[in-house]
Structure formats: structure tokens, C-alpha cells
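Visitor: I should like a close look at one part of this structure, with attention to how its elements are arranged. Please take me through it in a single connected account.

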Amino acid sequence: MTPKVFATGVTGYVGGDVLHTILQAHPDWQYSFLVRNRTRLGSLAKDYPSIRVVEGDLGDLDILKSEAASADIVLHFASSDDRPAVQAILEGLGSDSNVRFFIHTSGTANLLWDDISNGTLGIKRTKVYDDVEDIKTITSFPDAVPHRPVDKLVLGASATYPNIRQAIVCPPAILGVGRGAGNKRTIQVPLFVELSLQRGKVFEIEQGEAAWSFVHIHDLSDVYLRLTESAAVGGGTSDWGPEAYYFAENGELQWGAIARSIAKHLHEAGALGTDEVESLSAEGASKLNPMLSWTGGMNSKSRASRARRVLGWKPQVSDFTDSLKEVIQQDLEAEKTRLQEIAEGHFPKQVKE
């Protein structure tokens with residue numbers, strides 16, 4: 001039986017690349033894509049006749065519910081913090097007794113809690129959260145932790161709706177050029193590039209010793225492909241349920257080292273007159289951009305044991321030197337900055353209800 005897949009966030013950076021990967025592997029599956037404007041799909045719907053375009057957004061709760069009720073698998077790439085949207089999807093998936101699968105996208109901003117709760121920026125932390133060994137801790141963070149309220153809703157779905165098999169994919173910082181129909185750029189490194197260009201000098205926050213785990217966008221898409229393929233055959237050997245939490249990383253980078261690499265590339269490209277890196281205080285970073293404290297001043301270090309163990313995931317990119325340079329060059333050549341795109345609404349807003 002041909003799987004029916006409903007997906008949100010299909011023109012975003014992650015969703016676009018993942019669906020590029022899945023469509024190439026399974027062009028014969030039936031797809032329904034939620035989009036605000038079908039023109040953002042480009043030629044994708046024409047190239048793949050199996051795609052049915054559903055015009056709407058996350059505020060159209062009735063659409064979300066009905067589309068989920070008709071799907072075998074729901075892939076949610078849009079805002080990871082929109083509780084009403086996720087609740088509508090779960091209600092649709094749980095509307096009958098048929099086994100259905102929900103793959104939700106979160107993010108490792110939840111691992112910033114050690115720095116958030118202690119009010120620290122720019123310091124080195126050694127703790128690495130393993131999605132198998134530390135699962136009890138990860139799934140019991142307080143509700144004040146980023147993404148936690150919706151993560152908790154998703155992980156508890158099978159208790160409310162016994163027919164639902166749920167999993168959360170939790171990406172770290174991402175590098176690489178996307179292959180989707182819409183946005184092809186990541187967010188964190190471009191934010192540093194653009195703010196550095198604005199102020200005429202690259203910066204690090206405090207000591208610059210905070211680090212995030214990283215993954216290449218193509219390797220991340222492979223996690224989703226493997227998990228979705230498992231869902232298509234009834235769950236396979238993958239983990240589903242209240243502890244089905246999948247990190248996706250292949251190493252870590254310190255933000256101070258990233259800053260020095262950005263400075264080198266921007267100077268060599270003639271975009272900046274110096275390759276010096278300046279230290280910003282927490283107050284200075286906050287004034288420059290409110291997002292900076294968590295995007296480059298705190299620690300988010302993860303280990304993707306679950307994907308490697310149950311999905312057989314083998315990420316290919318571990319040296320991010322070329323990927324970092326590629327992202328910087330992509331940003332220099334872009335018609336719009338990521339800051340402009342965020343201002344225009346092309347970045348998920350946190351919804352707290």
C-alpha cells in the first residue's frame with residue numbers, strides 16, 4: 001500500500017532538503033504539502049505529480065486536523081513551538097484506530113538550559129547529552145526550557161492516542177546549502193556573518209568558548225529519510241513513543257573558532273578590512289541582536305546515539321571547514337540577508353499558549 005505523507009514547512013531550510021531527499025527516493029508515494037503560497041514550491045509540484053498542494057498555514061487548525069486524519073505519516077518541519085498546530089495534528093492522527101506516525105522537528109536549544117539557568121555566556125562546558133544514555137534527563141527538563149512544552153506534548157501523544165507512533169528529530173546547528181524548493185540557507189552562521197558586516201568587525205561573545213554540535217544538512221536529511229522509511233513499513237526497528245528522541249550530529253565547533261574562520265574568509269573576500277575578532281560582553285551581544293545569546297553564546301552539545309544505533313545512520317561530513325566557507329560565501333552572494341528574511345516572517349516564531 002502506497003504511504004500517504006502530509007508535511008508542513010516544506011519550503012523551509014530543513015523541510016525543503018528533507019523532502020528533496022525523500023521525493024528522490026520515493027517519488028511514487030502520495031504527498032500533501034501545506035504551503036502559504038504555492039508559487040514558493042517552484043516547479044516541484046510539476047516535477048512530482050504525486051504532490052497535492054494544500055494552501056494554508058499553521059493557523060488553519062481544521063486543515064491540519066483533516067490532513068493529518070488522511071495521512072499515514074505526518075512530517076512537521078514548521079514552527080517547533082506552535083502548540084495549537086501540533087495539537088490539531090495529533091487530534092487528526094488520533095481520530096481513528098489506524099496506526100499513524102508523527103515525526104516532529106524540534107531543536108537542541110533545549111540543551112542550553114545549563115547556561116540559561118546559570119546566566120552564563122561564552123564559557124566552556126563539558127557536558128554532552130546523549131539521546132540514549134541521558135534520555136530521562138532530556139525528557140524531564142522543566143517547561144521553561146526552549147521547545148519543552150511542545151516536545152512534551154508530542155512525546156505524550158501515544159498515551160492520549162494509542163494509535164499514534166511518535167518521534168522527535170532534534171537537530172543541532174546546521175551547515176551546508178539546502179536542496180529544497182524554498183530557503184536554502186541555515187540561520188546561525190549567517191546571523192554572525194551579517195552582524196559582523198554591519199559593525200565592520202567579526203566578534204565572539206565573552207571568551208568565545210561556548211560550543212554547539214553541528215551536522216551537515218544532507219546528513220540530517222538522511223536521518224529523516226531512514227525514520228520515514230521505517231514508518232512506511234509499520235515502524236521497522238526504529239524507536240517510537242515517549243522516549244523516541246533523535247539527535248543528529250557529527251562533531252562540535254566552538255563559537256570563537258567559528259568567529260576566527262568567518263573573519264578570515266570575509267577579509268580574504270574583501271568584505272571586511274580586518275580579520276581581527278573582537279570580544280563582546282553579554283550586554284553588547286544583546287544590544288546587537290537578541291538572538292545572539294543563544295545562537296552563539298551558550299553551549300548545546302549532543303550525541304546522536306539513537307540514530308546511529310537503530311537507524312544505521314552514518315553521517316558523511318565531519319570536517320566542517322568547507323561547509324563553513326560555503327555558507328559564508330552563500331550569504332555574501334544572497335539577494336537578501338537572513339536578517340531581512342527573518343523580518344519578513346521567513347523564520348519560525350515561538351508561540352506560547
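Guide: In this predicted model, lysine 4 has glutamine 30 of β2 as its bridge partner. That bridge introduces the pairing of strand β1, residues 4-8, with strand β2, residues 30-35, which is parallel and extends over four bridges. Both strands belong to an open sheet of seven strands, paired in parallel and ordered β3-β2-β1-β4-β5-β7-β11. At its edges are β3 (51-55) and β11 (245-247), each of which pairs on one side only. From one strand to the next, the twist averages 20°.

Helices may now be placed beside this sheet. Helix α4, residues 83-93, lies across β4 (73-76), β5 (100-105) and β7 (164-170), and its direction is at about 165° to that of β5.

A further contact joins two helices. Two packed helices are described by the angle and the distance between their axes. For helix α1 (residues 13-25) and helix α10 (residues 217-232), the axes come within 9 Å and cross at roughly 55°. Because of that angle, α1 is oblique to α10. The crossing of α1 past α10 is right-handed. On the α1 side, the contact is made by Tyr13, Val14, Asp17, Val18, Thr21, Ile22 and Ala25. Helix α10 contributes Ile217, His218, Leu220, Ser221, Tyr224, Leu225, Thr228 and Glu229. Sorted by class, the residues in this contact of α1 with α10 are nine nonpolar, four polar and two charged.

Definitions and conventions: Residues numbered from 1 in each chain as written. Predicted model: local features only at pLDDT ≥ 70, side-chain atom pairs only at ≥ 80, totals over all residues. Heavy atoms only, no water. Pairing = 2+ DSSP bridges. Helix = DSSP H or I, 4+ residues; strand = E, 2+ residues; numbered from the N terminus. Axes fitted to C-alpha atoms, helices over the stretch in contact; angles between N-to-C directions. Contact = heavy atoms within 4.5 Å. Parallel < 35°, antiparallel > 145°, perpendicular 65-115°, else oblique. Left-handed = near helix turned anticlockwise from the far one by under 90°. Nonpolar A, V, L, I, M, F, W, Y, C, P; charged D, E, K, R; others polar.
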